[in-house]
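This briefing covers selected local features of one protein model. Please read the points below alongside the sequence and the coordinates.

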Amino acid sequence: MEWSDLRIFLAIARAGTLGGAARVLGLSQPTMGRRLRALELELGCSLFQRTADGLVLTDEGTTVLEHAERMEEESLAFQRRLAGADVQLDGMLRVSSSDWFGTCMLAPVLAEFSQRHPKVCVELVSDARMYSLPRREADIAFRIQPFQEPEVVSRRLMHIPYAVYARADRAIAPTDEGADARVITMDTAFGNMPDVLWLTQVWPKARVAMRSNSRLAQAEFCRQGAGLAVLPIPLGDRVPGLARVETGLAPPGRDTYLGYHRDLRRLSRLRALLDLVIERLAN
């Protein structure tokens with residue numbers, strides 16, 4: 001197996017298309033396709049699935065990617081050691097989190113990381129879907145539930161307190177078990193979340209005005225006066241025009257966990273990002 005073929009494989013995996021990878025390496029698209037086919041014949045398996053949106057890694061391709069990235073890392077370290085150069089991290093990291101956590105908590109840390117390591121491209125994917133670490137859909141993931149996969153290394157990162165918020169000129173606690181209240185809460189698919197259950201217990205007579213699986217959207221609905229919302233304090237306190245509502249009993253907070261695949265433990269760019277995230281956010 002030629003290392004140069006694995007470099008081509010890595011470029012295709014990162015670009016998602018032969019054309020994009022060819023531009024990165026300065027080769028022609030036919031050359032990229034020919035070298036990829038040669039590698040697949042050498043290995044005896046298909047490394048990519050051809051889809052309308054580009055090339056997607058097969059299970060075998062995901063396995064090759066994990067090892068090829070470590071080979072790349074060692075190759076670069078070897079070159080740096082011989083040249084006597086300072087360590088310069090390079091490559092790509094894909095980070096998965098919820099929308100509000102990515103915006104409020106991770107964005108400042110990732111921006112600082114980018115200034116420290118300008119050759120590392122960090123891709124932040126923020127939505128409600130849980131991206132799979134074993135399938136390499138993300139390199140690092142942040143969740144409000146512990147990771148169950150045996151191949152994932154995880155740790156509790158921080159505890160985030162929650163509070164009830166309202167538009168600043170309407171920050172008055174409901175009465176009569178919430179009969180006079182309109183609330184903004186998660187969509188029905190997330191009806192068992194602690195803050196949703198807390199709302200139904202504290203104000204059982206409240207009317208649900210709006211639902212969303214996006215905390216950012218909930219905060220904006222609340223700012224526009226659509227109703228009361230239970231929000232993470234780091235989000236609610238930073239939204240102009242929102243004020244906390246005194247409820248006596250605070251809504252339950254949530255722990256946040258970070259996880260990454262155990263095969264990436266020695267990837268230096270991942271370790272550098274983990275160290276900074278823990279330094280800035282862990283409590």
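The notes that follow deal with one helix, the cysteines and the strand pairings. The model is predicted. Helix 5 carries a kink of about 55°, the structure holds zero disulfides, and five strands form an open sheet with mixed pairing.

**Helix 5**

- Helix 5 covers residues 99–116, 18 residues in total.
- From first to last C-alpha, helix 5 reaches 24 Å, close to the 26 Å expected at 1.5 Å a residue.
- The kink of about 55° is located at Leu-106, shortly before the proline Pro-108.
- Ser-98 caps the N-terminal end of the helix, with a side-chain oxygen 3.5 Å from the backbone nitrogen of Phe-101.
- Phe-101 is itself one of the buried residues of helix 5. The buried set also includes Asp-99, Trp-100, Gly-102, Cys-104 and Met-105.
- Leu-106, where the kink lies, is buried as well, and further along the helix so are Val-109, Leu-110 and Phe-113.

**Cysteines**

- No disulfide is present: the count for the structure is zero.
- For Cys-104, the closest cysteine sulfur belongs to Cys-222 and is 14 Å away, which is too far for a bond; the cut-off for a disulfide is 2.5 Å between the sulfur atoms.
- Cys-104 counts as buried because its relative accessibility is 10%, the limit for buried being under 20%.
- Cys-121 has a relative accessible area of 45% and is therefore partly exposed.

**The five-stranded open sheet**

- The strands of this open sheet follow the order 4-3-5-12-6, and their pairing is mixed.
- Strand 4 (120–126) and strand 6 (152–160) stand at the edges; each has a single partner strand, so one side of each lacks a neighbour in the sheet.
- On average, neighbouring strands of this sheet are turned by 20° against each other, direction ignored.
- Strand 5 (residues 140–143) runs antiparallel to strand 12 (residues 254–261), and four bridges join them.
- Arg-143 stands opposite Tyr-257 of strand 12.

**Strand 10 and its partners**

- Strand 10 (residues 228–232) is mostly covered, with five of its five residues buried.
- Strand 7 (residues 162–167) pairs with strand 10 in the antiparallel sense over four bridges.
- Strand 8 (residues 182–185) pairs with strand 10 in the parallel sense over two bridges.
- Ala-229 in strand 10 is the bridge partner of Tyr-165 and also of Ile-184.

Methods:
Residues numbered from 1 in each chain as written. Predicted model: local features only at pLDDT ≥ 70, side-chain atom pairs only at ≥ 80, totals over all residues. Heavy atoms only, no water. Expected span 1.5 Å × (residues − 1). Bend = angle between axes of the 7 residues up to and from the residue. Buried < 20%, exposed > 50% of the residue type's maximum accessible area, 1.4 Å probe, protein only. Polar contact = N/O pair within 3.5 Å; in protein donor to acceptor, adjacent residues only side chain to side chain. Pairing = 2+ DSSP bridges. Axes fitted to C-alpha atoms, helices over the stretch in contact; angles between N-to-C directions.
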